Every structure is written in structure tokens, then in C-alpha cells.
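User: I have a two-chain model to study. Can you take me through how the chains meet?

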2 protein chains.
Amino acid sequence: MTSDPSGASLGEFERIRHFFAPLAGPGGLGLLDDAALIDCRAGQRLVVTADAIVAGVHYLPNDPPDLVARKLLRVNLSDLAAMGARPLHYLLTTALPASLGPDWIAEFARGLAEDQRRFGIDLLGGDSVATSGPAVLSLTAIGEVAAGMGIRRSGARAGDLVWVSGTIGDAFLGLAVLRGAYPQLAPEHRAELIRRFQVPNPRIDLGCRLAGIARAMIDISDGLIADLEHICETSRVAAVIELASLPLSTAARVIVDREPDTRIALATGGDDYELLFTAPAGSSKEIDDLSSVVGLPITPIGRIEPGEGVRLVNARGQPTSVDEPGYRHF
Amino acid sequence: MTSDPSGASLGEFERIRHFFAPLAGPGGLGLLDDAALIDCRAGQRLVVTADAIVAGVHYLPNDPPDLVARKLLRVNLSDLAAMGARPLHYLLTTALPASLGPDWIAEFARGLAEDQRRFGIDLLGGDSVATSGPAVLSLTAIGEVAAGMGIRRSGARAGDLVWVSGTIGDAFLGLAVLRGAYPQLAPEHRAELIRRFQVPNPRIDLGCRLAGIARAMIDISDGLIADLEHICETSRVAAVIELASLPLSTAARVIVDREPDTRIALATGGDDYELLFTAPAGSSKEIDDLSSVVGLPITPIGRIEPGEGVRLVNARGQPTSVDEPGYRHF
């Protein structure tokens with residue numbers, strides 16, 4: 001780059017060679033080429049997604065770098081899971097301030113290596129640039145899905161039940177804990193909520209197994225209500241959600257028992273990276289069985305109706321006010 | 001995102017819907033899904049690359065936004081060209097400061113639309129986030145190449161000639177002009193150099209046609225010498241370049257005639273996005289013919305030898321000192 005003299009360039013090459021080349025798979029050509037090659041298997045389609053995270057916006061600047069790397073990777077893998085796809089490869093672009101030196105990058109790469117092994121994926125390429133602002137980390141994930149089996153957002157139909165995997169709101173509470181909230185909460189609950197914020201679990205196995213069962217699916221990043229709105233809008237349907245049916249972790253339940261209004265914040269907080277999907281009512285047994293197979297709760301929380309928008313009802317079926325604390329998306 | 005309340009999220013959706021959804025191709029699913037689908041054609045391999053640009057580093061913050069978009073796209077297409085690949089799709093991640101409002105984004109999207117048409121590609125997806133720092137624009141480009149026809153950096157052999165497309169150093173001089181250098185230069189020469197800095201021309205047609213001819217290829221982004229070093233290192237060979245043979249534009253020649261030392265700066269300045277490749281000496285006629293077909297000079301500038309590193313020689317074949325002004329890469 002003309003305006004960026006050679007020192008920075010050499011730094012980039014060294015960084016790539018030292019920290020990132022060991023992460024490259026065979027298609028990545030050792031990160032020594034202009035681009036990487038991907039084989040396509042017969043009967044499969046490739047699935048691609050890109051998500052970025054920014055220091056101070058999507059993670060706290062002092063978060064451990066290995067956890068930042070794993071979160072970056074996992075939020076992208078979660079998008080693949082929401083299509084029912086199996087992850088294969090990724091490309092990584094880092095824009096880092098000078099304050100993040102080799103130690104930070106080494107820890108960041110260690111986090112990537114750990115999750116690569118866990119998810120059976122490899123690095124294909126990317127870029128490494130400098131910024132005078134906060135770190136901007138951008139990742140493109142590539143997966144595959146059998147042709148015709150990809151699960152879109154647009155397939156929800158009136159009469160479908162709405163399901164969600166795992167528990168909701170833990171990441172929202174984890175960030176609050178990191179910021180000093182809930183000091184009386186038991187240490188193990190605090191740790192669990194923080195872990196849920198820092199290292200989401202992309203539901204890849206579940207996503208793949210929902211092909212042929214789920215009619216519409218999304219992963220929860222913006223918040224359960226907002227993401228269900230995306231399904232409704234794309235599918236041109238409405239949804240009714242029973243607030244009391246939201247699956248909560250033990251830690252979240254302790255907080256909600258003390259402050260019942262928190263429940264609606266959990267449905268709007270975001271960053272859950274659970275799968276939210278709709279399926280015909282006749283699939284309930286199959287989904288319950290799947291829950292046992294993948295070892296994860298899958299909970300029916302409402303239903304799809306004709307119309308538009310998402311309505312919340314309380315345990316007695318009465319509408320819940322949309323201007324309650326924490327409810328910020330409308 | 002938990003820590004980024006709904007205002008920004010809604011802003012993101014509106015931005016995507018308004019400015020970027022019109023750029024999406026059929027695989028991009030209207031940018032309304034978690035990920036995009038790509039079909040793979042039989043006998044083809046997909047080629048992927050990612051490059052980022054940062055305001056104030058890779059472009060000037062006041063550069064016209066449509067030109068910034070086109071540069072971002074083109075530097076990535078240039079990487080595909082260097083593999084001999086044909087571009088198909090791209091994903092875009094923007095991290096923008098609040099100071100860049102809808103007008104900037106509209107112009108940026110207009111630039112993308114213009115170049116999409118020119119290069120026959122479409123947008124598959126991406127992300128849009130906020131940063132408190134300078135804009136960081138990251139793009140992943142996806143192309144295809146016939147299986148077995150991808151051109152790598154590692155194929156150079158002793159005895160090959162080294163060739164370069166177009167002219168060298170114009171972008172380096174264009175940035176200097178933008179910064180106030182060469183005030184006596186004729187306005188049309190100034191404009192041409194600036195254009196070369198702001199809107200590079202990825203040599204896609206030439207890259208595809210060099211499959212089966214070029215043994216090793218790279219696009220010049222770091223500078224002709226530095227990028228030839230990459231070929232030499234990956235191919236485990238040396239290169240000798242005759243400095244006087246570097247192809248110069250009329251504008252660059254005017255400057256070099258006045259300041260001969262500038263020539264070596266042009267070979268190291270970078271941002272040319274020309275193709276640099278090696279080919280057996282017996283291919284020279286074929287390459288000359290190709291030059292006529294694509295309407296672009298293709299110039300032999302040296303040869304590959306056993307050994308390592310890049311040596312420069314003057315018109316009399318004598319070594320040129322490596323500590324001349326502008327020569328910063330070693």
C-alpha cells in the first residue's frame with residue numbers, strides 16, 4: 001500500500017506467517033497466495049455469511065483475546081447453523097490498533113485454533129490491516145448444505161408452532177454482570193452468564209438435523225422478539241409468543257424471580273445465538289425426540305398466525321404491554 | 001447485540017434494505033437471510049479472497065465514496081484475476097463512524113452498483129456495524145476457475161521471463177499528486193495519475209486468458225519488487241529485474257525524466273493492481289499476441305534464476321544500489 005510504508009507491510013507478512021498460516025487448511029494454500037480454492041461436492045450447495053465485531057460495541061476491549069476470537073467465529077457459525085448448513089472454512093480480516101501487539105494476536109490465534117479443532121474447520125485467507133480506531137474483526141464463514149435442504153427465514157406458515165433452543169437472555173445478563181449488575185448473584189451463576197455472553201454455542205448439530213423439519217429458522221442475535229419479527233416479515237405472517245414460556249437458565253430464573261420485569265428484557269436483549277424456528281404442529285414429537293438426541297432443551301414458545309408482527313401474551317393469554325422496561329425494539 | 005441498543009440495529013436494517021438489498025443477486029436471498037447460497041458448476045472450483053481498506057490508510061477520508069467503493073471491490077477482483085479466476089459474487093462488511101451518514105452510504109452503494117454491472121457480479125451478504133474509529137471496509141470476493149487451471153504464486157521456474165501488465169507506479173504518483181506533489185505537471189497527467197490511485201483496473205480478462213501460459217502470477221499491491229519477492233519466495237527462485245525496462249505511463253515518464261531516482265520508487269510504491277507473472281521464454285509470441293487481444297501492454301522486465309531474492313540491474317546490466325530513495329522494502 002502506497003501510503004503505508006514497508007514497516008507495516010512486513011509486520012503484516014510476519015503476523016500472517018507466524019500466527020495465522022498454521023491455521024490454514026489445504027485450500028488456503030498456506031495463506032501464501034492471492035486467493036484460496038474451494039472444492040464443491042456433488043449435490044451440495046455452498047453457504048456463505050459474514051459478520052463483524054467491534055471492540056467496545058460487540059465485546060469489551062479487555063475481554064480475553066482467545067474468547068474474542070471464539071465469539072467472532074461462533075457468531076458466524078451460528079448463521080450457518082440457522083441455514084441448516086455444516087461449516088467448512090472461514091476467511092478473517094483484522095483491523096487492529098497499534099496497542100494490540102503480538103501477545104494479544106497470539107492469544108487471539110490460539111482461540112481460533114481451539115475452535116477450529118472443535119468445529120472441524122480451517123482458515124482460507126483474509127487480510128490484516130491497521131486502524132487508529134478500535135479493533136474491527138470481520139469474518140466470512142463458508143459451509144455446505146445438501147441442495148434443496150437449506151432452511152430460510154421465509155417458510156413460516158400460519159398454524160406452525162414457534163420453537164427455541166437452549167435458554168434465552170443469558171448473554172444479556174452476562175454483559176450486565178460484567179458491567180457490575182447483580183452483585184448478590186451466586187458466583188457460579190455469575191460465571192455461567194458471563195460465559196454465555198463471551199462464548200456463544202452455535203447450534204450446528206441441531207441446525208443440520210432440523211433440515212426437513214423446520215419451515216423457517218433464524219439464529220437469535222438481535223433478540224428473540226426482533227429476530228422473530230424478521231421471520232414474520234420475510235414469511236408474511238404474525239406470531240404470538242407466550243412470555244412465561246420462554247426457557248430460562250437457573251441463573252436467569254433467580255434474577256427473574258426477584259425482578260419479574262426482567263423477563264421481557266431477556267426476550268429483547270440479543271446475543272443468545274440460539275436457534276429460533278417454526279414447524280408444523282405435527283412435528284412436535286419429532287422435535288422432542290431431537291431435543292434428547294442433541295442434549296439441548298427445545299421449547300415451544302408460541303404460534304404463527306395470519307397477519308403481521310409479533311404479539312406477546314402473558315400466562316393468562318392477555319396482551320403484554322410493549323413499553324415495559326427493557327422492551328426497546330418497537 | 002446486547003450492548004448496542006435498538007436504534008443502531010434498526011438503522012442497520014434500514015440501511016441494508018434501502019442501499020444494499022438492490023445490489024443482491026438471487027443467491028443473496030434479498031439479504032434477508034442469515035447466509036447466502038452459491039451454486040457450484042461442474043468442473044469449476046470456487047476461488048475466495050478477502051481484502052480490507054481503512055480510511056486514512058488505504059484511501060483518503062475525503063475521497064469520493066463511490067470511488068472508495070469501486071476501489072474496495074476492484075482490489076479484491078484483482079486478487080481473483082491473479083489466480084486466473086472469473087468473479088461471481090461478493091460479501092461486504094462496513095464498519096462506519098457516525099459521521100458518515102446516508103448521503104455517503106448512498107454514494108458508496110452507487111459506486112458498487114456501477115462496478116457490479118461492469119464486472120457482472122452481485123452482492124451475497126455481509127454486515128454493517130458502527131465504529132468510533134475510521135471507516136473499515138472489508139470485502140470477500142468469490143470467483144470460479146476451471147479445476148486445475150488456477151494460477152498460483154509457486155510455479156515460477158529458472159529460465160522463465162518476468163512480465164508485467166499495464167504501467168507501473170502511477171498509483172504511487174497519484175497519491176503524491178493528491179498530497180500536493182508535482183504541481184507543475186500538466187492537468188491531464190495529474191488527473192490520470194489520481195484516477196489510477198483511486199480506481200484501479202483489475203486485469204480480469206487478461207488473468208483468465210493467462211491460464212495455461214503463466215506459471216506463477218500475483219497482482220501488484222505491495223509494490224512490484226515486494227510482490228515479485230513473494231513469487232520468488234513461494235517458488236524458491238531468484239529474479240533479476242532490469243529497472244529501465246519497467247513500463248511507464250506518459251505522465252510517469254515526464255516525472256522520471258526530471259527526477260530519474262523516482263524510477264525505483266515506482267517499483268516499490270505499490271497499489272498498481274497490474275498482473276506480474278512468469279512464463280517460459282517460449283511463450284513470448286503468445287503473450288505478445290495476448291497483449292493485442294486485451295488491448296494492454298504486457299512487458300518483459302526480467303528473468304527468473306536459481307537462488308533467492310530480487311536483484312535490480314540498470315540498462316548496462318550492472319547492479320543498482322538498494323538504498324536509493326524510495327527503495328524501502330529491504
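User: What share of the interface residues of chain B are also interface residues in chain A?
Analyst: This is a predicted model. The copies meet through the same surface, because the interface residues of chain B recur as interface residues in chain A. The share is 100%.

User: What rotation superposes chain B on chain A?
Analyst: The shift along the axis is 0.0 Å, and the RMSD is 0.0 Å. The two copies are thus related as by a two-fold rotation axis. The rotation is 180 degrees.

User: Which residue of chain B has the C-alpha nearest the axis?
Analyst: Take the axis that carries chain B onto chain A. The nearest C-alpha in chain B lies 1.9 Å from it. That residue is B:Gly133.

User: What area is buried between chain B and chain A?
Analyst: Start with the contacts: 71 residues of chain B touch 71 residues of chain A. Carbon and sulfur atoms give 55% of the buried area. The total is about 6100 Å².

User: How many salt bridges cross the interface of chain B and chain A?
Analyst: Side chains of opposite charge can pair when their charged atoms come close. A:Arg45 and B:Asp39 do this, with N to O at 2.9 Å. That falls within the 4 Å cut-off. Across the interface, the count is 2.

User: Which strand gives the most to the side of chain B that touches chain A?
Analyst: That side has 35 nonpolar, 19 polar and 17 charged residues. One strand, residues 44-54 of chain B, supplies 9 residues. It is strand β2 of chain B.

User: In β2(B), what is the bridge partner of A:Ala36?
Analyst: Strand β1 of chain A covers residues 36-38. This strand pairs with β2(B) in the antiparallel sense, over 3 bridges. The partner of A:Ala36 is B:Val48.

User: Which residue forms a salt bridge with A:Arg118?
Analyst: Look in helix α3 of chain A, residues 102-119. Both partners lie there, 3 residues apart, about one turn of the helix. Their closest N and O atoms are 3.5 Å apart. The partner is A:Asp115.

User: How many salt bridges are there over all chains?
Analyst: The interface of chain B and chain A holds 2. The pair A:Arg118 and A:Asp115 is a salt bridge in chain A. Over all chains, the count is 40.

Definitions and conventions:
Residues are numbered from 1 along each chain as its sequence is written. Chains are lettered from A and ligands numbered from 1 in the order in which they are written. This is a predicted model: local features need pLDDT of at least 70, side-chain atom pairs count only at pLDDT 80 or more; totals for chains, interfaces and linings use all residues. Side-chain values use heavy atoms; hydrogens and water are left out. Contact means heavy atoms within 4.5 Å. Buried area is the accessible area (1.4 Å probe) that two parts lose on being put together, summed over both. A salt bridge is a side-chain nitrogen of Lys or Arg within 4 Å of a carboxyl oxygen of Asp or Glu. Helices (H or I, at least four residues) and strands (E, at least two) are DSSP runs, numbered from the N terminus. Ala, Val, Leu, Ile, Met, Phe, Trp, Tyr, Cys and Pro count as nonpolar, Asp, Glu, Lys and Arg as charged, and the others, Gly among them, as polar. Two strands pair if DSSP finds at least two bridges between them. Copies are superposed by least squares on the C-alpha atoms of residues with pLDDT of at least 70 in both.
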